[in-house]
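I set out to read this structure for a reader who has not met it before. These notebook entries record what I looked up.

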Amino acid sequence: MKNIVILISGRGSNMEAIVRAQIPGAKIAAVISNRPDAAGLAFAASHGIAAQVVDHKAYPSREAFDAALAETIDAHQPDLVVLAGFMRVLTDGFVGRYNGRLLNIHPSLLPSFPGLHTHQRALEAGVRVAGTTVHFVTPTLDCGPIVIQAVVPVLDGDDEAALAARVLVQEHRIYPQAVRWFVEDRLSLTADGKVRVTDEPAGPAGWTVPPVEG
Ligand code: GAR
């Protein structure tokens, strides 16, 4: 069994998708929020998962918050820590502690549109495709080695909400997939910071993991 700790800040729909995927060999050991009012906590608790809060407002600095967060996480002996709509910038120390076992999802085709207001900026830029990215976390925000991406079209008349909803459907597909790969020991970060996925299966239509040629 691999222990997984999921960090959220709000709705928690990606966390929910990972829980609902019932990945063999995975135990969702805890869901931890930095906000006491995160809606996702109720879902976790109702599914028998430890639902905990480490409120960032209770700490005087990022370092103090990250230390408390790490202590709460480590009590669950995690093999993998999953950021699922966790909207806090993490210190380098925290990121380094979980190097190679810290995943994030971002609602854009990274490296385009890191940071906030992703969909609005994509619409303003006039891109014809948008998407989502799961990546290993490194100290630079939304910049780590890419594990899996999915693409959606940008349609005439799209507003931020419409585009976000289309992307979210794909988030709920690729994040459980990435976690599954990790749990199956098929996904890792090499010593030189490259993503390694072994025995990659052909995904259903909609996943855009191109076959590696040659
Ligand atoms: C998701 O769209 C996720 O990609 C995004 O926040 C949303 C959380 O939704 N994360 C980021 O923007 C991180 N930079 P959820 O709470 O329903 O999973």
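The entries below treat the sheet, its strands and some chosen residues in turn.

**Entry 1. Status of the model.** I noted at the outset that this is a predicted model. I therefore required a pLDDT of at least 70 for local features.

**Entry 2. The sheet.** I asked in which order the strands of the sheet lie. I found 7 strands in an open sheet, ordered β3-β2-β1-β4-β5-β6-β7, with mixed pairing. At the edges stand β3 (50-53) and β7 (146-153); each has a single partner strand, so one side of each lacks a neighbour in the sheet. I also looked up the twist: on average, neighbouring strands are turned by 20° against each other, direction ignored. As background, I recorded that strands of a sheet pair through backbone hydrogen bonds, either parallel or antiparallel.

**Entry 3. From β1 to β3.** I followed the chain through its β-α-β units. β1 and β2 pair in the parallel sense, with 7 bridges. Within this pair, isoleucine 8 is opposite serine 33 of β2. Together, β1, α1 and β2 form a right-handed β-α-β unit. From β2 the chain crosses through helix α2 (residues 40-46) to β3, and this β-α-β crossover is right-handed. β2 and β3 run parallel and are joined by 4 bridges, and isoleucine 32 is opposite glutamine 52 of β3. I then checked how far β2 is covered: 7 of its 8 residues are buried.

**Entry 4. The β7 side.** I turned to the pair formed by β6 (residues 129-136) and β7. These strands run antiparallel and share 7 bridges. Valine 134 has isoleucine 148 of β7 as its bridge partner. Helix α6 (residues 160-183) packs on the sheet, where it touches β1, β2 (26-33), β4 (80-83), β5 (102-106), β6 and β7. The direction of α6 makes about 155° with that of β7.

**Entry 5. The annotated site.** I asked which residues the UniProt annotation "binding site" covers. According to that unreviewed entry, they are Gly12, Ser13 and Asn14. I found Gly12, Ser13 and Asn14 in the lining of the largest pocket as well.

I located glycine 12 in the loop between β1 (2-8) and α1 (13-20). Is glycine 12 buried or exposed? Its relative accessible area is 7%, which is under 20%, so glycine 12 counts as buried.

Asparagine 14 lies in helix α1. At 7% relative accessibility, asparagine 14 is also buried. Setting aside residues up to four places away in sequence, I listed its contacts as Ala84, Ile105, Leu168, Glu171, His172 and Tyr175.

**Entry 6. Alanine 50.** I closed with a residue of the edge strand β3, namely alanine 50. How accessible is alanine 50? Its relative accessible area is 31%; because this lies between 20% and 50%, alanine 50 is partly exposed. Apart from neighbours within four places in sequence, alanine 50 is in contact with Ala29, Ala30, Val31 and His76. I also looked up a separation: 11 Å lies between the C-alpha atoms of alanine 50 and isoleucine 73, which are 23 residues apart along the chain.

Notes: Residues are numbered from 1 along each chain as its sequence is written. This is a predicted model: local features need pLDDT of at least 70, side-chain atom pairs count only at pLDDT 80 or more; totals for chains, interfaces and linings use all residues. Side-chain values use heavy atoms; hydrogens and water are left out. UniProt positions are given in the numbering used here, feature names are shortened, and annotations may be inferred rather than shown by experiment. On a 1 Å grid over the protein atoms alone, a cavity is a set of points where a 1.4 Å probe fits but cannot get out, and a pocket is an open set with protein on both sides within 12 Å along at least five of seven lines; lining residues have an atom within 4 Å of a point. Helices (H or I, at least four residues) and strands (E, at least two) are DSSP runs, numbered from the N terminus. Buried means under 20% relative accessible area, exposed over 50%, partly exposed in between (1.4 Å probe, protein chains only). Contact means heavy atoms within 4.5 Å. Two strands pair if DSSP finds at least two bridges between them. Axes are lines fitted to C-alpha atoms, for helices over the stretch in contact, and angles run from 0 to 180 degrees between N-to-C directions. A crossover is right-handed if, with the strands pointing away from the viewer, the path from the first strand over the helix to the second runs clockwise.
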